[in-house]
Amino acid sequence: GARGFGKDRKKNRKKNSHIDFMPSDPGTETMNRAARRLSSKQDSVTLGGELKFTLGVTCAELEAEHEGDSSSHILRRVLSKGISNAIKAESLGFDVVIAKLLLNEGDGGTTEFNVEFNMTPQENMKYGEVEWAAKKINSALAQAMDDGDMALSMGAAAKLETAWPDRVRDRVVGEFLFDAEDDDDDTIDDEDDTLDDEDDFEAQREQVDIPKSKETKTNAADEFDGPFGMPGDTIYARDDIFLGGGNGGVFADYSESGKLSAPFKGELGPLVVDAALQRAIERQPRVIAIGDVHGCIDELQALLRRCDYRPGDLIVFLGDLVSKGPDSLAVVQMARELGAIGVRGNHDFEVIRWHQAIKSGADPPVIGSEHYRIASSLSKSDLRWMYSLPWYLSSKELNALFVHAGFVSGIRLGKQNPRLMMNMRSILPDGTVTSKFFNNWPWARLWDGPQTVLFGHDADRGLQQYEHAIGLDTGCVYGGRLTACILPEKRLVSVNAKREYFQYRRKHFD
């Protein structure tokens, strides 16, 4: 069944997620399709509109009587507050009133909403004032639908509704928020191996299965248009790269054709960049490799201060920037804004998998999933950055490799297993590679170089220093430390965690 605010399956989404004012006078073009209905002999009017969408909650759940209040009254309160807040109706001098609400049972336990609403002026308004307001409202409605603000506003209004039982309220809120970031008509091939449910992950991962995407028929026009295309793509569209493009972009475009949309119209920006670059060259920029951050934004900022980070230094994150800690979204945003690079950790990968599942129309998890919440909340630019993280990085100049979990000796880099690169901890005497912690058999002890590997993932062992490998996961999210290694001198720097954010639980094996 369809899931998410504003869509009734992907193929029908445009039909059911649009919103217009319904004209009572079809000949009135100057109102931008807004209706003018005389509500009295005074020169005042009421604007009318219509909204259609599908929600993944059954009619029976929505229509049950709750706390002595009818379901119709509850839904009307939520819808009127949601619409009003999304378009800032009060600031325009209007109140939103739900005039008509029809619920129809949809496929797969969904409910189809057909909402007609009126916008009445709080004070008498002249025709010219209403004409101006109608244009502003139509623009605000279109923007709210395109940006997902309407769904977010509906979800916020539903969250404040106390007449619903917690279970129903949480379902409704989750359904509205499910589509808040999904404002593109994208589909995804559910045969992509990144959505393979047989992928094995670390033993401690959440006990929540990510559902396979529902079967969809795709064509060239419906090709997935997520951040940087699909994982593994090496050709990026121009609007994936530059801000202001169709996909949001990451960097300002200072080229001759794009400088007018760049900061300071392209005049000051290059001067600032050139000055920063010159200072960086004079200072001999460094590489700062950082272990598992897990959302610990305060500790990350403290660590960069202790490293004396300056523009020009390159930050390399060793994976698992997200999950378990206090503010995963802030960590990803900061990493992107600093121009950092990194490798993909198992928790980063889970977030990407959930984003792909959301894009393909999969059901949200029955049990709460932090990865799902993060995937639903990251901005497009931050998701782009997450998608761009490779399995490993290699630097000939530093004679170094960067990976989240590790490598298997004797196998060339191009043939290493991505699942193991994100999850491995130990290699047993019989050659078995496992994500479990076997105290006497760390994989790094077997790595014979010649490149030095910098890795994270293994908080059990803490700081690890071998001839050709350095482990930097020192358990910050568990109340330990956040550690960096500054290259090329291989100087170690760390800061204490402010507190324990996540209870440490790991089975040890001999």
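A residue counts as exposed when its relative accessible area is over 50%, and as buried when that area is under 20%. With that cut-off in hand, the structure can be walked through piece by piece, keeping in mind that it is a predicted model.

First, a word on confidence. The protein chain has an average pLDDT of 74, and 66% of its residues reach at least 70. Helix 1 (residues 13-17) sits at the bottom, with a mean of 36, while strand 14 (residues 452-455) comes out on top at 97. Residues 1-43 have a pLDDT below 50, though this stretch still makes 132 contacts in the model beyond its near neighbours in sequence. The story repeats for residues 179-236, where the pLDDT is again below 50 and 138 such contacts turn up. Where pLDDT is low, predicted coordinates should not be read in detail.

Now for a sheet. Five strands line up in the order 8-7-6-17-18, making an open sheet with mixed pairing. Strand 8 (341-342) and strand 18 are at the edges; each has a single partner strand, so one side of each has no neighbour in the sheet. Further in, strand 6 and strand 7 run parallel and are joined by 4 bridges. Within this part of the sheet, Val287 is found opposite Leu314 of strand 7.

Helix 9 lies across strand 6, strand 7, strand 17 and strand 18, and makes an angle of about 140 degrees with strand 18. Its buried residues are Ile297, Glu299, Leu300, Leu303 and Leu304. These take up an arc of only 160 degrees around the axis, which means that they sit on the same side of helix 9. Their cover includes strand 6 (287-290), strand 7 (314-317), strand 17 (481-487) and strand 18 (491-496), along with helix 10 (328-337). On the face turned away from that buried side, helix 9 carries Arg305 and Arg306, which are exposed. Just past the end of helix 9 comes Asp308, with a positive phi of about 55 degrees.

Helix 3 (residues 71-87) offers a simple check on geometry. Its 17 residues, at 1.5 Å a residue, should span 24 Å, and the C-alpha atoms at its ends are indeed 24 Å apart, so the two values agree. Many names appear on its buried list, among them Ile74, Leu75, Val78, Leu79, Ile83 and Ile87. Lys88 follows helix 3 and has a positive phi, near 55 degrees.

Leu79 also shows up in the surroundings of Val115, a residue of strand 5 (residues 111-121). Val115 has a relative accessible area of 0%, so it is buried. Leaving out residues up to four places away in sequence, Val115 touches Gly49, Glu50, Leu51, Phe53, Leu79, Ile98, Lys100 and Leu101. Its C-alpha atom is 10.0 Å from that of Ser80, a residue 35 places away along the chain.

The last stop is Arg461, in the loop between strand 14 and strand 15 (464-466). Arg461 has a relative accessible area of 16%, and that is under the 20% cut-off, so this arginine is buried. Setting aside neighbours within four places in sequence, Arg461 is in contact with Arg425, Ser426, Phe437, Phe438, Asn439, Trp441 and Pro442. Pro442 is 19 residues from Arg461 in sequence, and their C-alpha atoms are 8.7 Å apart.

How values were computed
Residues are numbered from 1 along each chain as its sequence is written. This is a predicted model: local features need pLDDT of at least 70, side-chain atom pairs count only at pLDDT 80 or more; totals for chains, interfaces and linings use all residues. Side-chain values use heavy atoms; hydrogens and water are left out. Helices (H or I, at least four residues) and strands (E, at least two) are DSSP runs, numbered from the N terminus. The expected span of a helix is 1.5 Å times one less than its number of residues. Buried means under 20% relative accessible area, exposed over 50%, partly exposed in between (1.4 Å probe, protein chains only). pLDDT is the predictor's confidence in each residue, from 0 to 100. Contact means heavy atoms within 4.5 Å. The arc is that of the directions from the helix axis to the C-beta atoms. Two strands pair if DSSP finds at least two bridges between them. Axes are lines fitted to C-alpha atoms, for helices over the stretch in contact, and angles run from 0 to 180 degrees between N-to-C directions.
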